[in-house]
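Q: Hey, could you walk me through this one? I'm new to reading structures.

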Amino acid sequence: MRVLGIILAGGMGGSIWPLTSKRASAAVPVFGKYRAVDFTLSNMVNSGITKVGILTQYNPRSLMDHLGSGKDWDLDRRRGGLFVLQPYLSSGSDKMGYRGTADAIFQNMTLLRRGDEDYVLIGSGDHIYNMNYSEMMKQHLASGADVTFVVKELDNSYNLSDYGIVEINEDGRIVGFEEKPKDPQTDLASLGIYFMNKHLLMDLLYATVPHGGYDLLLDVLLPNIRRFFFRAYRFGGYWRNVKKGILEYYRTNMSVLDSRVRRELFRSKNKIYTKLKDLPPPKVGATGSVQNSIVADGCIVNGIVRNSILFRSVTVRAGAVIEDSIIFEGSSVEEGAHVICSIVDKDSVVRASKIVRGSREHPLAFEKSSVL
């Protein structure tokens with residue numbers, strides 16, 4: 001089966017500002033050395049997809065630098081490979097930019113039209129999960145569905161009103177869909193992952209986008225829910241959307257300190273790949289202490305780190321204390337400083353004896369290159 005992968009990675013991510021002040025939400029760092037986009041991209045590669053288009057728009061530099069040629073995902077290929085698709089200004093248009101997810105795919109129709117793939121798998125670049133799509137694809141073909149939505153039963157750790165809620169019948173057919181309802185009738189949510197025939201997608205886009213329908217879900221798919229066979233595929237594993245807010249981002253990162261979450265995300269046969277850097281292993285000095293934390297390559301710890309995540313090349317000086325916090329790459333926490341329940345972005349400095357205190361329900365977040 002020949003499948004084209006499309007990753008929607010152009011979102012501004014305003015709900016997780018200031019972490020997205022200089023990067024797209026798909027490029028937000030997670031878990032010490034990864035970016036959010038690594039998960040959907042790795043899932044596609046692990047499922048045998050060797051041609052992937054990544055649709056970017058807002059602040060793409062950080063994302064493009066991370067992806068490079070796709071070598072770290074084995075996508076630097078002569079046939080297929082990785083395509084980073086940015087908006088452009090053509091002679092027939094007066095505006096540059098994608099007006100929505102459907103418009104983004106429509107403006108890059110050449111990628112679909114010239115390829116020899118039969119199917120398209122569409123996912124989001126800011127979702128955290130480990131899934132091999134092969135079983136979903138097999139069930140799609142066996143069922144005769146036109147479009148398959150990946151769905152999940154959400155527990156009370158999610159706010160159901162932030163998600164698209166799906167209603168299905170006993171055959172797995174989607175018979176109802178509410179986008180972010182105030183009073184959800186079920187706990188079955190769409191994960192924003194769609195699988196369908198490529199030519200069907202092209203026909204729907206040609207019939208919709210030129211007439212002002214720019215959103216893939218609301219304008220292209222949902223108006224055809226009665227016309228076509230839309231089927232639900234249930235995913236039972238760990239899944240989070242880091243774009244839902246600072247608190248969701250914070251909780252998602254802290255959840256990896258749970259061995260069960262780590263085991264599911266990183267110790268399965270489906271590896272999560274990321275951009276590699278040649279850095280020495282972390283060093284904990286004579287005055288340093290690390291408890292229940294993730295400390296990435298290149299870190300030097302001479303202070304106390306508890307229940308926290310340190311990204312690459314973080315320096316924690318003697319007398320400093322970091323608790324329940326996330327410190328991004330290249331940052332420094334100086335002597336006697338205390339950082340509690342906070343997110344400190346890349347290349348920042350927490351000055352000596354400074355106290356930065358948030359809470360687990362209201363974590364503080366500071367933008368890149370801050371001096372606190």
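A: Sure, let's go from the overall fold to a few salt bridges, keeping in mind that this is a predicted model.

Q: Okay, how many helices and strands are in the chain?
A: The chain has nine helices and 28 strands.

Q: And what's its radius of gyration?
A: It comes out at 21 Å. A compact globule of 372 residues would be near 21 Å, so the chain agrees with that.

Q: What part of the chain is buried?
A: Buried residues are 53% of the 372.

Q: What about the area the chain exposes?
A: That's about 16,400 Å², with carbon and sulfur atoms supplying 47% of it.

Q: Switching to charges: how many salt bridges are there?
A: The count is 16. One of them joins Asp65 and Lys275, whose closest N and O atoms are 3.3 Å apart.

Q: Where do those two sit?
A: Asp65 is in helix H2, while Lys275 is in the loop between helix H9 and strand S14, so the pair ties together parts 210 residues apart in sequence.

Q: Is Asp65 buried or exposed?
A: In between: at 44% relative accessibility, Asp65 counts as partly exposed. Lys275 is partly exposed too, at 22%.

Q: Got another pair?
A: Asp324 and Arg360 also meet in a salt bridge, at 3.3 Å from N to O. They sit in two loops, 36 residues apart.

Q: Which of them is buried, and which is exposed?
A: Asp324 is buried, because its relative accessible area is 11% and buried means under 20%. Arg360 is exposed, with 52%.

Note on methods:
Residues numbered from 1 in each chain as written. Predicted model: local features only at pLDDT ≥ 70, side-chain atom pairs only at ≥ 80, totals over all residues. Heavy atoms only, no water. Helix = DSSP H or I, 4+ residues; strand = E, 2+ residues; numbered from the N terminus. Rg over C-alpha atoms; globule rule 2.2 N^0.38 Å. Buried < 20%, exposed > 50% of the residue type's maximum accessible area, 1.4 Å probe, protein only. Areas by Shrake-Rupley, 256 points an atom, 1.4 Å probe, with all protein chains shown as cover. Salt bridge = Lys/Arg side-chain N within 4 Å of Asp/Glu carboxyl O.
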